[in-house]
Amino acid sequence: MANENKAKPSTVTNKGKKRKQYLPHNKAVKKKGAYPLRPGVQGFFITCDGGRERQAAHEALDVIDSFFEELVNGKDFGEEPAVLPNKPLNKKITFSYSDDEGDDDDDKGDGEGEEEGQEEVIKSNASKEIDASQESLTNKDLDHPNSDDVCHGKVTEENSDNQKDGANIENQADNSEEPPAKKQCLETDTSKSATNEKEKSIDKLIEAELNELGDKSKRLFFNLDSGCNGVVFVQMRKRDGVPSPKDIVQHMMTSAASTRKHMSRFILRVLPVEVACYYSEEEITRAMKPLIEQYFPVETQNPRKFAVLYEARANSGIERMKIINSVAKSVPAPHKVDLSNPDRTIVVEIVKTICLIGVVEKYKELAKYNLRQLTSPKQ
């Protein structure tokens, strides 16, 4: 009974407070999953079906990486592979046991009688010619009784000369054949060394790529947790001499509109994000200055027509028109607002407390950058 009444050990002290749990080396425990979305990043804002964020994130990484490689290597999407010259064409092949040959045999059977008759006539003519040639030879032997000796002598001399010539020709052929054999050996050695070098270089490239994939700090694209249902954000690291998110998305949409090839199952819309900041008006106007200088310069002979696209998720504490007006006022005077047919569209997406800004072209012509709608068959 005394053992049953003993209290179980717990972390609660006599005063009713929990004991402090100290982490090893005073380091915070990393949470599982992707890092949260934060200001100062660039990448791709992707919408998907609710509950399919994980699948859409994996799919988006593959699709974006493939289009990025196409832009870097200068290849066009949707090109058919060239036909190899040594590739055999599709030809009809008949075997010995095929039906076609059996039909041919039946057709040949009808003309066998005629062919046998012709063969008999040819054989009789040939036998007559052979008899005539034998008679002419016997007549010549009778006219020249000693001709055998003379002929044999000439033949032996000619045979000896021919044997000498043949031996010389064989020696020359052996001498001439030796260098190609050596060349072949050298060629095989060089080809083997070249193949070994290629294999080593390919192995090194594969190892380097695997090391880059394993090291998260060297990855160019990786997923960030948006914290919203139906929203995926893929961050792109800032590097010099690399296509921007706008160029990658523009290439993706134009190729999808031209080829209409199915690319993704879960991705709906892909928008480039070049600036990320907090959602206050002052932060937005400050962060948009480099974008305005790049896409809407003051001194230009071709002023652009633009529109502002605004959408907010998980944030109802900000007025829509305030953000739109602040973005529109930051664009200088030569450029004008045109909501019906804009040349460029400024995309403003607010996710919780983060404002994502990007610039796109042909927004309405490319089905509002909806990848599923662009790749669906025309009705």
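Trainee: Which residues form the negative surface patch?
Mentor: In this predicted model, Asp 62, Asp 65, Glu 69 and Glu 209 form the patch. Asp and Glu count as negative, and the patch is named for that charge.

Trainee: Which helix gives the largest share of the negative patch?
Mentor: Helix 2, residues 53-73, supplies 3 residues, the largest share. Asp 62 is found in helix 2.

Trainee: Why does Asp 62 count as exposed?
Mentor: Its relative accessibility is 56%. Exposed means over 50%, so Asp 62 counts as exposed.

Trainee: What makes strand 2 largely enclosed by the rest of the structure?
Mentor: Strand 2 covers residues 43-48, and 6 of the 6 are buried. Buried means under 20% relative accessible area. The strand is therefore largely enclosed by the rest of the structure.

Trainee: How do you know that strand 2 and strand 4 pair?
Mentor: Two strands pair if DSSP finds at least two bridges between them. Strand 2 and strand 4 (residues 231-236) have 5 bridges, in the antiparallel sense, so they pair by that rule. Phe 45 stands opposite Phe 233 in strand 4.

Trainee: In which sense do strand 2 and strand 5 pair, parallel or antiparallel?
Mentor: Antiparallel, over 6 bridges, with strand 5 spanning residues 267-273. Gly 43 has Val 273 in strand 5 as its bridge partner.

Trainee: In what order do the 5 strands form the open sheet?
Mentor: The order is 1-3-4-2-5, and the pairing is mixed.

Trainee: What makes strand 1 and strand 5 the edge strands?
Mentor: Strand 1 (35-36) and strand 5 each pair on one side only.

Technical notes:
Residues are numbered from 1 along each chain as its sequence is written. This is a predicted model: local features need pLDDT of at least 70, side-chain atom pairs count only at pLDDT 80 or more; totals for chains, interfaces and linings use all residues. Side-chain values use heavy atoms; hydrogens and water are left out. Patches are made of residues with over 30% relative accessible area and no salt bridge: like charges are joined within 9 Å, nonpolar side chains (Val, Leu, Ile, Met, Phe, Trp, Tyr) within 5 Å. Accessible areas come from the Shrake-Rupley method with a 1.4 Å probe; for residues, only the protein chains shown count as cover. A salt bridge is a side-chain nitrogen of Lys or Arg within 4 Å of a carboxyl oxygen of Asp or Glu. The place of a charge is taken as NZ of Lys, CZ of Arg, CG of Asp or CD of Glu. Helices (H or I, at least four residues) and strands (E, at least two) are DSSP runs, numbered from the N terminus. Buried means under 20% relative accessible area, exposed over 50%, partly exposed in between (1.4 Å probe, protein chains only).
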